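This report describes how one protein chain is held together. Look through the sequence and the model before reading on.

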Amino acid sequence: MFATRGRRLGIILGMLLLVAVAVLFVTAQINKPYWQWIAQVEPLADGRTLRAELLFSRPRPDGTFCERVVDTVAEESAAQVAVGVQVYNECAPVMSWGRVRGSAVGHPYSVDVRLRAPLGGRLIVERGSGRPIPIRGESPRYSTGKFS
C-alpha cells in the first residue's frame, strides 16, 4: 500500500511538472523573424531596384547589427508595389517573458529589393499595413486603399 501512495505521488508530481513546463512555453515570447518598418525607399537608376532604408538598433562594438535581413518581398500590381523586409534579431534571447528593447535612436541600414517590372509611377506601400512609404527626395503620396 505504501508503494502505491509513493507511485501516485510521483505521477502527480510528474504531471504538475509537465503542466508547469507547458505554461512556461505558452507564456514565453519566442524570438522569430518579423516584418521591419521601412523608413523610406529610393528607386535606383536601373528602374527595377528599390533601396529600402531601415532603422536598426545601435551596432555592436564590432560594427555589426543585431538585426539580420532574412527575406525581402515586392508584391506588384499595376497601381502599386507592396514592399516588405523580414528581419531576425540575433541578440534577443530565444525565449523571453518581456519585450527586448532596442536603442531609442535608429541607425540606418539599407537593403535592395528587386522588382519584376520597372517602378514607373506606381505607389510604394508597406507590405501588410498598406502604409505609403516615402520616396527619398519626393513629397509623400497617399494610398486610396490596401494592397490586394
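The text below covers the strands, the nonpolar core and the salt bridges of this predicted model.

**Strands and sheets**

Strands β3, β4 and β8 make up an open sheet, in that order, and they pair in the antiparallel sense. The edges of this sheet are β3 and β8; each has a single partner strand, so one side of each is left without a neighbour in the sheet. From one strand to the next, the twist averages 25 degrees. Strands of a sheet pair through backbone hydrogen bonds, and the pairing can be parallel or antiparallel.

Five bridges join β3 and β4, which run antiparallel to each other. One position to look at is E42, which stands opposite R51 in β4.

A further antiparallel pair consists of β5 and β6, with nine bridges between them. These two strands form a hairpin, and three residues lie between them. Within this pair, A74 has V83 in β6 as its bridge partner.

**The nonpolar core**

The largest nonpolar core has 19 residues, and those that touch the most other members are I38, V41, V83, V85 and I124. Two or more residues of this core come from each of β3 (38-43), β4 (49-56), β6 (80-89) and β8 (107-114). V83 therefore has two roles in this account: it is among the core residues with the most contacts to other members, and it is the bridge partner of A74.

What does V41 touch, leaving aside residues up to four places away in sequence? Its contacts are R51, A52, I124, I133, P134, I135 and R136. I124 also belongs to the group of core residues that touch the most other members.

**Salt bridges**

How many salt bridges does the model contain? The count comes to nine. Three of them are set out here, with the distance between the closest N and O atoms or from N to O.

| Pair | Distance | Accessibility of each residue |
|---|---|---|
| D46 and R114 | 3.0 Å | D46 45%, R114 51% |
| R51 and D112 | 2.7 Å | R51 32%, D112 35% |
| R127 and E75 | 3.3 Å | R127 32%, E75 28% |

The side chains of D46 and R114 meet in a salt bridge. D46 lies in the loop between β3 and β4, while R114 is in strand β8, so the pair ties together parts that are 68 residues apart in sequence. D46 is partly exposed at 45% relative accessible area. R114 reaches 51% and counts as exposed, because the cut-off for exposed is over 50%.

R51 forms a salt bridge with D112. This pair links strand β4, which holds R51, to strand β8, which holds D112, across 61 residues. R51 is partly exposed, and D112 is partly exposed as well. R51 has already appeared twice: E42 stands opposite R51, and V41 touches R51.

R127 forms a salt bridge with E75. R127 sits in the segment after β9 (123-126) and E75 in strand β5 (residues 67-76), 52 residues apart. R127 is partly exposed, as is E75.

Salt bridges can also join into a network, and here one links E42, E53 and R136. R136 is also one of the residues that V41 touches.

Conventions
Residues are numbered from 1 along each chain as its sequence is written. This is a predicted model: local features need pLDDT of at least 70, side-chain atom pairs count only at pLDDT 80 or more; totals for chains, interfaces and linings use all residues. Side-chain values use heavy atoms; hydrogens and water are left out. A nonpolar core is a set of buried Ala, Val, Leu, Ile, Met, Phe, Trp, Tyr and Cys residues joined through side-chain atoms within 4.5 Å. Buried means under 20% relative accessible area, exposed over 50%, partly exposed in between (1.4 Å probe, protein chains only). Helices (H or I, at least four residues) and strands (E, at least two) are DSSP runs, numbered from the N terminus. Contact means heavy atoms within 4.5 Å. A salt bridge is a side-chain nitrogen of Lys or Arg within 4 Å of a carboxyl oxygen of Asp or Glu. Two strands pair if DSSP finds at least two bridges between them. Axes are lines fitted to C-alpha atoms, for helices over the stretch in contact, and angles run from 0 to 180 degrees between N-to-C directions.
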